[in-house]
Amino acid sequence: MSCLGRVTRQLPGEEWPRDSAGSPLVPLATLFVPDCPGVPAALKKVALITIFAPQELYAEGVDDDPLHGCVIRTYTDMAGLVPCDYVADGVTPCLLTPQAVANDMPLHPDCGGSESAWNCAEELASTQGLDYREDIVEADYETHKIGGYPTYTQHAPELPAGYSYVLQICSDATADLSIGDWGSYYFFYNSRRNDWRVHADCY
């Protein structure tokens with residue numbers, strides 16, 4: 001089963017990855033891709049993804065790193081993988097239950113959403129005494145996704161050609177997972193090169 005806050009499979013000999021200071025990275029997620037509906041074309045040949053992330057969203061040096069300090073392991077076959085149990089300190093591991101969404105649509109203007117709808121949400125927040133995060137957009141952004149459209153908190157990143165958005169992991173109250181100030185990681189994959197790019201932002 002896919003899960004948040006825990007990594008459960010690896011190749012023999014692989015170890016818990018660490019940052020440049022020697023601290024263990026956070027075991028962010030284990031994703032069994034064939035279990036998920038609506039898998040993007042770039043991930044059709046991927047069986048499993050495990051993701052480790054820095055302890056801090058804006059840790060030293062991550063801004064210049066195309067992976068934003070993350071380690072992403074991609075496996076095309078479950079054969080040969082062995083169990084492991086890397087659990088994130090301070091995060092409550094929880095299962096991720098895939099659910100198909102038929103009407104997913106872009107929300108942020110940077111990824112095809114409506115500029116007028118976005119402006120309307122911002123105006124409501126400022127003129128109606130609403131909390132922008134809690135009353136308007138939190139339900140949209142606290143959504144882990146494989147495929148569909150990214151729901152950026154701030155803006156879309158600039159990426160080299162050949163990288164397509166494939167998934168996002170968000171802050172999650174159930175798992176006590178906070179990515180910066182209620183932020184998210186966005187993952188882009190180049191299947192031809194088996195290479196990743198990571199974008200992160202928060203409120």
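The following dialogue examines how several descriptions of this predicted model are justified.

User: What makes up the fold, and in what order do the elements run?

Analyst: The protein has 2 helices and 11 strands. From the N terminus on, the order is β-β-β-β-β-β-β-α-α-β-β-β-β.

User: Why is Pro40 called buried or exposed?

Analyst: The relative accessible area of Pro40 is 16%. Buried means under 20%, so Pro40, at 16%, is classed as buried. Pro40 lies in the loop between β3 and β4.

User: Which residues distant in sequence are in contact with Pro40?

Analyst: Leaving aside neighbours within four places in sequence, Pro40 is in contact with Ile146, Gly147 and Val166. In addition, the C-alpha atoms of Pro40 and Tyr165 are separated by 8.6 Å, although these residues are 125 residues apart along the chain.

User: Why is Pro160 given the class it has, and where is this residue?

Analyst: Pro160 has a relative accessibility of 39%. The buried class requires a value under 20% and the exposed class a value over 50%; 39% lies in between, and Pro160 therefore counts as partly exposed. Pro160 is located in the loop between β8 (145–146) and β9. Its C-alpha atom is separated by 9.2 Å from that of Arg197, 37 residues apart along the chain.

User: What makes Ala102 buried or exposed?

Analyst: Exposed means over 50% relative accessible area. Ala102 has 87%, so the residue is exposed. Ala102 lies in the loop between β7 (94–95) and α1 (115–127). The C-alpha atoms of Ala102 and Gly148, 46 residues apart along the chain, are separated by 9.4 Å.

User: What is notable about the backbone of His68 and of Trp182?

Analyst: Most residues other than glycine have a negative phi. Phi of His68, however, is near 50°, a positive value, and phi of Trp182 is near 55°, also a positive value. His68 is placed in the loop between β4 and β5 (71–75), and Trp182 in the loop between β9 and β10.

User: How do you know whether His68 and Trp182 are buried or exposed?

Analyst: The cut-off for buried is under 20% relative accessible area. His68 has 7% and is therefore buried. Trp182 has 17%, so Trp182 is buried as well.

User: Why is His199 called buried or exposed, and what surrounds this residue?

Analyst: His199 has a relative accessible area of 11%; since buried means under 20%, His199 is buried. The residue belongs to strand β11. Beyond neighbours within four places in sequence, His199 is in contact with Tyr152, His155, Pro157, Ser184, Tyr185, Tyr186 and Phe188.

User: What makes up the largest nonpolar core?

Analyst: This core has 35 residues. Those with the most contacts inside it are Leu43, Ile49, Leu167, Ile169, Tyr185, Phe187 and Trp196. The elements that give two or more residues to this core are β3 (26–32), β4 (48–53), β9 (164–170), β10 (184–190) and β11 (195–201). Strand β3 gives the most, with 4 residues.

User: Which residues are in contact with Ile49?

Analyst: With neighbours within four places in sequence set aside, the contacts of Ile49 are Ala29, Thr30, Leu31, Val33, Leu43, Ile72, Arg73, Leu167 and Trp196.

User: How is Thr74 placed in relation to Ile49, and which residues are in contact with Thr74?

Analyst: Thr74 and Ile49 are 4.7 Å apart in space, C-alpha to C-alpha, and 25 residues apart in sequence. Thr74 lies in strand β5. Leaving aside neighbours within four places in sequence, Thr74 is in contact with Val46, Leu48, Tyr189, Asn194 and Trp196.

User: What is the volume of the second largest pocket, and how does its lining divide?

Analyst: The volume is about 230 Å³. Of the 13 residues that line the pocket, the closest to its centre are Asp19, Ser20, Ala59, Glu60 and Val62. The lining divides into 4 nonpolar, 4 polar and 5 charged residues.

User: What do the totals for the protein show about burial, surface and contacts?

Analyst: Buried residues make up 44% of the 203 residues. The accessible surface comes to about 10500 Å², of which 48% belongs to carbon and sulfur atoms. Among contacts between residues at least 6 apart in sequence, 62% join residues at least 24 apart.

Methods
Residues numbered from 1 in each chain as written. Predicted model: local features only at pLDDT ≥ 70, side-chain atom pairs only at ≥ 80, totals over all residues. Heavy atoms only, no water. Core = buried A, V, L, I, M, F, W, Y, C linked by side-chain atoms within 4.5 Å. Buried < 20%, exposed > 50% of the residue type's maximum accessible area, 1.4 Å probe, protein only. Contact = heavy atoms within 4.5 Å. 1 Å grid on protein atoms, 1.4 Å probe; cavity = no way out; pocket = protein on both sides within 12 Å on 5 of 7 lines; lining within 4 Å. Points joined across faces, edges and corners; volume = space filled by probe spheres on them. Nonpolar A, V, L, I, M, F, W, Y, C, P; charged D, E, K, R; others polar. Areas by Shrake-Rupley, 256 points an atom, 1.4 Å probe, with all protein chains shown as cover.
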